Every structure is written in C-alpha cells, then in structure tokens.
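Subject: Handing over the protein model

Dear colleague,

I am passing on the structure we spoke about, and I would be glad if you opened it and kept it beside you while you read. My notes on what was found in it follow below the display.

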Amino acid sequence: MSTLRLGDIAPDFHAETTEGPINFHEWLGDSWGVLFSHPADFTPVCTTELGTVANYVPEFKKRNTKVIALSVDGLESHKLWIKDINETQNTTVNFPIIADEDKKIATLYDMLHPNASEKFTVRSVFVIGPDKKIKLTLTYPASTGRNFDELLRVIDSLQLTADYSVATPANWKDGQDVVITPAVPDSDIPAKFPKGHTAIKPYLRLTPQPNK
C-alpha cells in the first residue's frame, strides 16, 4: 500500500485487542484518536511509553481523544507485558493494545520499514480526527521514545485550528497567542477576533487564543 498522507481517511479495520474486539472507525465514534505502534512487547522503551500514555489518559480524555497501541505480538503476550508495565511504571494500563500477529494492520498503515527492520514495526503515530481523516503522522526509530507532551500540544493545536481561522506559531502552547491565517482580510478581524490583534507584518498578525 502507498504511504498514507495527511487528509487521507484512516483505513478501517477489525482487530483483537486487550479490551476485546473492535472495529476501528466504530470504536473511534465522534472522538479524536491516537494510534501508535511499538516494535515489540517486553522491550524497554515501549514499556516506558505505554506507562506514560496510561498516566496521560486523563489528559487525552479532556481533549475527547482515544488512544490505542499496536504491536505485532499476540494477546497473551500483551496481557503478560501489561503486568510488567503496571509494575515498573507505577500505573494501570487503561487503553487497548492491538494484537497484530499477521501484520495486516501494520501493513495497512505502512508501519513496517524494511530498512529499519523486516519483522518489527517502527514507532509510528497517527492522530485522527472525528471525520476519520489523518491529521498528523510521526515516525520515530526504534531507539527513540516519543514525547507525549508534544502529542498533547499538537492535539490542542489541531482542535483549535479546526474551529477558528488561526494557526499556531513555533513552540506554541495552549493559552498563548496565535496567528491569524492569511485568508482572513484585515477588515474581518474585528468581528472574528474581538480580543484584538497585533499586526507585526501585513502577513504576520497575532491575536489572543480565541477559545480561552
């Protein structure tokens, strides 16, 4: 399959997970979603990542976002691994992990990169909107753990910019000023952004975050 691109519909699939069978689109419902893959069970970096996500689930829930992990190992392996994650990361894994032993889902989402490994998935991340379209993709090598604070930051940006004619500048964090998109003429700014704005350049106009 060709590489998935931003704006593509995230492929639907049926899967067995540690929380029972799911149909992916049906499971997402009207939520945002984060699908992220792991090279294998019982690996050190993955263990810290899944523990971190378990601790961050309340933050994802605040953002109407469901999280689901994938590994090419089986359900029994996942369940044994969860015990290790809970013990070593002082948490309780509270989201599903997909069993993808036949690698069908990994192939569907292009998570197998032969130059990295013939057998294991890379650390892929897909953020998916309620419209089932892919909003963000990230790919990490097996040696580098992901920054889930960054994923929360991106979701904040995606949700904000989906509802308002703004974009978020470099290193933006929730609550900071945002950029008015070039499509908004100056004459429309007072009505659209009643908190005011600062024109640094004709093309660079800042305004306080509109949903705060």
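I begin with one residue, arginine 63, which counts as buried because its relative accessibility is 14%, below the 20% under which a residue is called buried. Salt bridges with shared partners tie Arg63 into one network together with Glu59, Lys62 and Asp156. Please keep in mind throughout that this is a predicted model, and that every value I quote has been computed from it.

Within this network, glutamate 59 makes a salt bridge to arginine 63, with the closest N and O atoms 2.9 Å apart, and the side chain of glutamate 59 also meets that of lysine 62 in a salt bridge, again at 2.9 Å from N to O. Lysine 62 and glutamate 59 are both part of helix H2, where they stand three residues apart, or about one turn of the helix. How exposed are these two partners? Lysine 62 counts as exposed because its relative accessibility is 65%, whereas glutamate 59, at 27% relative accessibility, counts as partly exposed.

For the wider setting, the protein contains six helices and eleven strands, and its C-alpha atoms fill a box of roughly 60 × 40 × 30 Å when this is taken along the principal axes. Of the 212 residues in the protein, 45% are buried, and the area that the protein exposes is about 10,800 Å², of which carbon and sulfur atoms supply 52%. If you consider the contacts in the protein with a separation of 6 or more, you will find that residues 24 or more positions apart account for 65% of them. The protein carries 22 positive and 27 negative charges, and the mean positions of these two groups lie 6 Å apart.

The count of salt bridges comes to nine. One of them joins arginine 146 to glutamate 49, with 2.8 Å between the closest N and O atoms. This pair links distant parts of the chain, since arginine 146 sits in the loop between strand E7 (134-140) and helix H5 (148-163), while glutamate 49 belongs to helix H2 (residues 44-62), 97 residues apart. Both arginine 146 and glutamate 49 are buried. Helix H2 also holds threonine 52, which is partly exposed because its relative accessibility is 28%. The C-alpha atom of threonine 52 is separated by 9.9 Å from that of aspartate 149, although the two residues are 97 residues apart along the chain.

A charged residue that you may like to look at with some care is aspartate 41, in the loop between strand E3 (32-37) and H2. Which side chain of opposite charge is nearest to aspartate 41? That side chain is arginine 123, which is 10 Å away, and aspartate 41, although buried, has no salt bridge. The side chain of aspartate 41 is, however, joined to that of histidine 78 by a polar contact of 2.7 Å. When its neighbours within four places in sequence are left aside, aspartate 41 is in contact with Ser71, Asp73, Gly74, Ser77, His78 and Trp81.

Serine 157, in helix H5, offers another polar contact to examine. Its relative accessibility is 13%, and therefore serine 157 counts as buried. The side chains of serine 157 and threonine 168 are joined by a polar contact of 2.8 Å, and, apart from neighbours within four places in sequence, serine 157 is in contact with Thr168 and Trp172.

Finally, I would point you to the backbone at two places. Asparagine 64 is not a glycine, and yet it has a positive phi of about 55°; you will find asparagine 64 in the loop between H2 and strand E4 (65-71), and it is partly exposed because its relative accessible area is 38%. Aspartate 110, which is not a glycine either, has a positive phi of about 55°. Aspartate 110 lies in the loop between helix H4 (104-108) and strand E6 (123-128), and with a relative accessibility of 26% it therefore counts as partly exposed.

With kind regards

Methods
Residues are numbered from 1 along each chain as its sequence is written. This is a predicted model: local features need pLDDT of at least 70, side-chain atom pairs count only at pLDDT 80 or more; totals for chains, interfaces and linings use all residues. Side-chain values use heavy atoms; hydrogens and water are left out. Helices (H or I, at least four residues) and strands (E, at least two) are DSSP runs, numbered from the N terminus. Buried means under 20% relative accessible area, exposed over 50%, partly exposed in between (1.4 Å probe, protein chains only). Contact means heavy atoms within 4.5 Å. Accessible areas come from the Shrake-Rupley method with a 1.4 Å probe; for residues, only the protein chains shown count as cover. Lys and Arg count as positive and Asp and Glu as negative; His and the chain ends are not counted. The place of a charge is taken as NZ of Lys, CZ of Arg, CG of Asp or CD of Glu. A salt bridge is a side-chain nitrogen of Lys or Arg within 4 Å of a carboxyl oxygen of Asp or Glu. A polar contact is a pair of N or O atoms within 3.5 Å; within protein, one must be able to donate a hydrogen and the other to accept it, and residues adjacent in sequence count only if both atoms are side-chain atoms.
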